[in-house]
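The following exercises are intended for a reader who is new to this structure. Each task is followed by a solution that proceeds step by step.

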Amino acid sequence: MTPRAERSTAAAGSSGWLDRHFKYLLLYPAIVLLLLIGLFPVLYSLMVSFQNLTMLKQDYGFQGLLNYERLINTDRFWWAILHTGVLTAIALPLELVFGLAMARLFVKDIRGKRLFLALLVLPAVLPPIVAGGIWRMLLDVSFGPINQIIGWLSGGVPASINWLIDPFYVYPTILLTEVWEWTPFMFLILLAALSNVDPSQEEAAEIDGAGPWTIFVRITLPAIWPVMIVALLIRGLDLVRTFDIVWALTKGGPGTLTETISVYMYTMGFQRFATSYTGAMAFVIIIVLSLAVMVLLRRVEIAR
Amino acid sequence: MRGRGGGLRFIGALALLVVFLFPLFWILTVAFKNPEDIFVTPPVWLPSTLNFQDFALIFSEGYYRAILNSLIVATGATIIAMVFGTTAAYSIARHRTGGETLANWILSWRMLPPIAVVFPIFLVFSVVELRDSYFGLILLNGAFNIPYVVWMMRGYIEDVPIELEESALVDGCSRWQTLYRVVLPMARTGLFATAVFTFIFAWNEYAFALVLTETEVITVPVQIAKFMGREATYFSRIAALSLLALIPVFLAVVTMQRYLVRGISLGAIKG
C-alpha cells in the first residue's frame, strides 16, 4: 500500500520540506525519547560495571570484568533468577487457565454481563503495590479474614498460618496475590479473542460428533492462538520483572527466600549502594531479556 | 442453546465476582472501621460504628496530595506517550518505516525492568536536578509507555481504510492535514482506549516513583507503601487512600467500558 500512498502524494504535488520528511518527523521524536530514557541507562550501567563503585569507595579505574565475576560467583544472584523463574512458571499458566475458563463462561450471554465485566476488571486497575497491601491485611495472621475462613472450613479449629513469614506459605501468598490481580487482565484479552471465534465452525464440528475437548483443541484454540501468545508474552515479561507485589508482601523475605531479580537489584543498588555491581547486573539482565524478546517475537511471527 | 445452563452460568459468574471482589469489600470495611474493629481476633466483618477518621486524616494530613500528584503525573505521561507514540505508530503502520525490526525493537523496550533502568536515571536526575520533580517523572513514565502506545495504535491505524487517506491527499490535503483530519478522527476509539490504559499504567507505576520522589511529588503507590512501615502498618489509612485513589481509575474504566475489551486486545490481534 505504500507505493500507492507515495504516488498519491506526487499527484497532490505537495512537496514542502515538512511533507517530504513526514514519516521520519513522525517517528524520530519517539525514538529519541526511547533512546534517551532507555539506551542511556544501558550504556551507563555498562560503564560503571567496569569500575568499582561501592558504598565505601569510589574507584573509577578500569576493573575489567571484576563485577561480572562477582555476579557469577554470587549464589544470591542465581537464587534470585530461580525465584523469578519459579514465580513466572507457576503464575503464568495459572493466570492463563483461570482467565480462559472465565472467558469461556462469559463469552455466552449472561444477565448483567457489562456490570460483571466492569467489576471484574477492578483488581487489574489497582496498583500492584496496593494489591500487595490489601492481601497483607487479608492474610494477617490474627486480624485477617483468610485464616478465619480457613478456621471455619476446618471445623472451627482456628488457623494461625503465618502467610507472610512461614517459608512454606510465602510462595502461595505471592502467587495468590499475583493471580488475583492479573487473571482479570488475561480474562479480558481472551474474552475478546473468544468473541471473535466463528460459532458456526464449532457447531459444525459438534454436529459431526466431535467432543467438546476436540472442538476446543482443534477449532477454538487455533483461532485464539495469536492473541493468546501476545497476552502470554506481555504477562510473562511483566512477571520476569516483578517487583511491586513481592516488595509489598515480603520484601524478598523471609531471609532472601522470595527475592526476585528486581528486588535483589533494588536492594543492592539503593540500600547497599553497590553501584558497579548493580550496574553489571542491570546490564546482564537487560541484554539477556532483550535477546529473549527478539527471539520470542520472531517465533510468534513465524507461528502465524 | 440459550437458556440451557444460563442460570448455572449466572451463579458461576456471581461466585467469581465474590472471590475477586472480596479483597475490595474487605478494604471498604477496614476504611470505615474503628481500630478496635480492625485489630481484633477473630476478625469482625462489618464495622460496629462508621468511622470517618481515616478519610479525614487523609485530607488533614495532606495525604490527598498523593492523588493530585498521581493525576498530574499520569495525565502528563499519557499525553507524552500518546503524542509521540501515535505519530510513530502512524509512520510505522503506513510507511513501514524501519520495517518489522523497528516495531519489534520498540516493543522490546516494554520488558526493561524499571528497577534496572531507574538506577542510572536516578544518578542523572540528581545531576540535572530532576529528582522529585513532576517533569522528570512525567518524562520517564511517558517514554516508558511509548512502546505500548505504538503497538496498540499501529493496529488501530491499520484499520482505517487507506482509500480515505488517498482521497484526502488527492483533494489537496497535506500529509499532516490527512493525519489530523482523517486518520486520527477515524481511529478515535482506539485513541481513547489506548489513552485509558496508558493512564492506568502510569497511575499504577511504583518503582520509578519510589526511587525518584522524596517529598514533593509522592504518588499514590509510594504514599501507600509508606503506610506499610517496618514497625507499623496503617491498615485503615491504606484502605482509605486506596479507595479514594480507585475513584478516578474506576470512572475512567466505566466511561470507556465499551472500548476496553477491544482496547486491550485489538493491538494484540493486529500485532
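**Exercise 1. Determine how many helices and strands chain B contains, and describe their order.**

Step 1. In this predicted model, the secondary structure of chain B consists of 14 helices and zero strands.

Step 2. Reading along the sequence of chain B gives the pattern α-α-α-α-α-α-α-α-α-α-α-α-α-α.

Step 3. For chain A, the corresponding count is 15 helices and two strands.

**Exercise 2. Describe the dimensions of each chain and the extent to which its residues are buried.**

Step 1. Along its principal axes, the C-alpha trace of chain B spans about 75 × 65 × 30 Å. The C-alpha atoms of chain A fill a box of roughly 80 × 75 × 35 Å along the principal axes.

Step 2. The radius of gyration of chain A is 25 Å, whereas a compact globule of 304 residues would have one near 19 Å.

Step 3. Of the 271 residues of chain B, 52% count as buried. In chain A, buried residues make up 41% of the 304 residues.

Step 4. Consider next the contacts between residues at least 6 apart in sequence. In chain B, 75% of these contacts join residues at least 24 apart; in chain A, the share is 70%.

**Exercise 3. Explain why helix α12 of chain B is described as largely enclosed.**

Step 1. The helix covers residues 220–227 of chain B, and six of its eight residues are buried.

Step 2. The buried residues are Val220(B), Pro221(B), Val222(B), Gln223(B), Ile224(B) and Ala225(B).

Step 3. Within chain B, these buried residues pack against α4 (65–95), α10 (188–204), α11 (207–212) and α13 (235–255). From chain A, α8 (128–138) and α13 (244–249) also pack against them.

Step 4. Because six of the eight residues are buried, α12(B) is largely enclosed by the rest of the structure.

**Exercise 4. Identify the domains of chain B and characterise the contact between them.**

Step 1. The domain assignment gives domain 1 (1–51) and domain 2 (55–270) of chain B.

Step 2. The C-alpha centres of domain 1 of chain B and domain 2 of chain B lie 31 Å apart.

Step 3. Six residues from domain 1 of chain B and six residues from domain 2 of chain B take part in the contact.

Step 4. On the side of domain 1 of chain B that touches domain 2 of chain B, helix α1 (residues 6–32) of chain B gives the most, with four residues. The residues of that side of domain 1 divide into five nonpolar, no polar and one charged.

**Exercise 5. State how many residues each chain gives to the contact between chain A and chain B.**

Step 1. The contact takes 88 residues from chain A and 88 residues from chain B.

Step 2. Helix α3 (residues 22–49) of chain A supplies the largest share of the chain A side, 14 residues.

Step 3. The residues of the chain A side divide into 64 nonpolar, 14 polar and ten charged.

**Exercise 6. Decide which part of chain B calls for caution in reading.**

Step 1. The model scores ipTM 0.83 and pTM 0.86. Chain B averages a pLDDT of 84, and 92% of the residues score at least 70.

Step 2. Among the elements of chain B, α4(B) has the highest mean pLDDT (92), while helix α14 (residues 257–270) has the lowest (53).

Step 3. Over residues 265–271 of chain B, pLDDT stays under 50. The model has 23 contacts beyond four places in sequence for these residues.

Step 4. Where pLDDT is low, the predicted coordinates should not be read in detail.

Note on methods:
Residues are numbered from 1 along each chain as its sequence is written. Chains are lettered from A and ligands numbered from 1 in the order in which they are written. This is a predicted model: local features need pLDDT of at least 70, side-chain atom pairs count only at pLDDT 80 or more; totals for chains, interfaces and linings use all residues. The radius of gyration is taken over C-alpha atoms; the globule rule is 2.2 Å times the number of residues to the power 0.38. A residue is buried if 20 or more other C-beta atoms lie within 10 Å of its own, exposed if 12 or fewer, and partly exposed in between; C-beta atoms are placed from the backbone. Two residues are in contact if their C-beta atoms, placed from the backbone, lie within 7 Å. Domain bounds come from an automatic or database domain assignment. Ala, Val, Leu, Ile, Met, Phe, Trp, Tyr, Cys and Pro count as nonpolar, Asp, Glu, Lys and Arg as charged, and the others, Gly among them, as polar. pLDDT is the predictor's confidence in each residue, from 0 to 100.
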